[in-house]
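Colleague: I have not looked at this one before, so could you walk me through it?
Modeller: Gladly; here it is, and we can take it topic by topic.

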Amino acid sequence: MTQRLNAAILLALATLVTSAAWAQTAEPTDPKATEQWEPVPKTVTPGKQDDAPPSDAIVLFNGHDLSQWETAKDRSPARWNVHDGVVTVDKATGNIQTKQHFRNYQLHLEWRVPKDITGEGQARGNSGLFLASTGPGDEGYEIQILDSYNNKTYVNGQAASIYKQSAPLVNAMRPPGEWQTYDVVWTAPVFGADGALKSPGYVTLFHNGLLVQNHTQLTGETFYIGKPKYKAHADAAIKLQAHGDPSPAISFRNIWVRPLD
């Protein structure tokens with residue numbers, strides 16, 4: 001009698017355990033079980049057009065002045081030529097960079113190669129967007145700016161390439177004289193206290209609305225000569241290049257950034 005009672009108790013306990021385990025693994029039947037209510041995303045008002053700065057953007061160039069910029073080599077006021085709502089590169093004064101430093105961000109930038117552009121290859125409308133400047137010259141991580149409309153050059157040096165690292169997925173260039181757009185998401189590299197790389201930098205880039213860099217991993221800073229390599233740095237300026245090629249200077253307009261930290 002006692003053995004039969006113990007067996008019944010054990011069977012009941014096993015049934016309870018099995019039922020509890022099944023209940024934990026069964027799909028929920030209440031839709032509220034998978035609803036998330038917190039935290040509530042903040043409200044950001046988009047621009048009236050997709051290229052207009054949203055409400056949380058920092059406007060870096062509004063067509064009127066270069067108050068957000070400085071000369072990269074000595075941090076004096078930027079002296080590129082502002083006219084007619086655009087800014088044109090002054091190759092004699094060198095690169096310019098933002099006074100404010102950034103880490104991770106979304107950036108919108110528009111640029112135009114002169115309609116009467118001359119030259120070929122890398123000597124045709126050359127400039128660059130440095131996502132994080134690490135020095136006064138061409139140090140940092142460069143997205144190439146170039147007239148790549150019917151202009152042959154090495155593919156990891158054409159427009160929308162990560163310079164000398166990654167060719168764009170497609171060539172999305174409009175003809176010279178028309179405005180080009182870059183929309184960038186930059187994830188900065190992370191370094192440890194000892195300067196060692198903990199995670200690399202990544203770039204997602206749309207050129208004229210087309211995806212041309214899809215979360216591309218950078219293998220280091222971009223160099224004209226030599227292989228990429230990382231060196232530790234903190235938050236950095238965004239830099240625009242005054243390239244020394246002999247072709248007419250390019251222009252920029254409508255530049256804004258959204259910090260993502």
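Modeller: Please keep in mind that this is a predicted model. We can begin with the charged pairs, since the structure holds seven salt bridges.

Colleague: Okay, which residue does Asp56 meet in a salt bridge?
Modeller: Asp56 meets Lys42, side chain to side chain, with 4.0 Å from N to O. Both residues lie in the loop between α1 (2–25) and β1, 14 residues apart, and the pair links distant parts of the chain.

Colleague: And is Lys42 buried or exposed?
Modeller: Lys42 counts as exposed because its relative accessibility is 65%, whereas Asp56, at 23%, counts as partly exposed.

Colleague: Which residues are linked with Asp56 in a network of salt bridges?
Modeller: The network of salt bridges links Asp56 with Lys42 and Arg258.

Colleague: What about Arg103, which residue does it form a salt bridge with?
Modeller: The partner of Arg103 is Asp235, and the closest N and O atoms of the two are 2.8 Å apart. Arg103 sits in the loop between β5 (96–98) and β6, while Asp235 sits in the loop between β13 (210–217) and β14 (239–240), so this salt bridge ties together parts that are 132 residues apart in sequence. Arg103 is partly exposed, with a relative accessible area of 43%, and Asp235 is partly exposed as well, with 31%.

Colleague: Where do Glu110 and Arg253 lie?
Modeller: Glu110 is in strand β6 and Arg253 is in strand β15, 143 residues apart, so to speak of them as a pair is to speak of a link between distant parts of the chain. Their side chains meet in a salt bridge with 2.6 Å from N to O. Glu110 is buried, with a relative accessible area of 2%, but Arg253 is partly exposed, with 29%.

Colleague: Switching topic: which residues touch the most other members of the largest nonpolar core?
Modeller: Those are Trp111, Leu129, Tyr182 and Phe252, in a core of 43 residues. Several strands each supply at least two residues of this core, among them β1 (58–61), β7 (127–133), β9 (179–187) and β15 (251–259). The largest share, four residues, comes from β6.

Colleague: Which residues does Phe252 touch?
Modeller: Leaving aside residues up to four places away in sequence, the contacts of Phe252 include Phe61, Trp80, Val86, Leu109, Trp111, Ile145, Trp179 and Leu240. Glu110, which we met in the salt bridge with Arg253, is also touched by Phe252.

Colleague: And Gln122, is that one buried or exposed?
Modeller: Gln122 counts as buried because its relative accessibility is 18%, and the cut-off for buried is under 20%. Gln122 lies in the loop between β6 and β7, and its contacts, again without residues up to four places away in sequence, include Gln144, Tyr154, Tyr163, His243 and Asp245.

Colleague: Now the backbone: which residues does the cis peptide bond join?
Modeller: The cis peptide bond joins Glu38 and Pro39, with omega at about -10°, and Pro39 is found in the loop between α1 and β1.

Colleague: What is phi of Arg75?
Modeller: Phi of Arg75 is near 65°, a positive value in a residue other than glycine. Arg75 has its place in the loop between β2 (69–71) and β3 (81–83), and it is exposed, with a relative accessible area of 57%.

Colleague: And where is Ala160 found?
Modeller: Ala160 is found in the loop between β8 and β9. Ala160 has a positive phi of about 75° although it is not a glycine, and at 0% relative accessibility Ala160 counts as buried.

Technical notes:
Residues numbered from 1 in each chain as written. Predicted model: local features only at pLDDT ≥ 70, side-chain atom pairs only at ≥ 80, totals over all residues. Heavy atoms only, no water. Core = buried A, V, L, I, M, F, W, Y, C linked by side-chain atoms within 4.5 Å. Buried < 20%, exposed > 50% of the residue type's maximum accessible area, 1.4 Å probe, protein only. Contact = heavy atoms within 4.5 Å.
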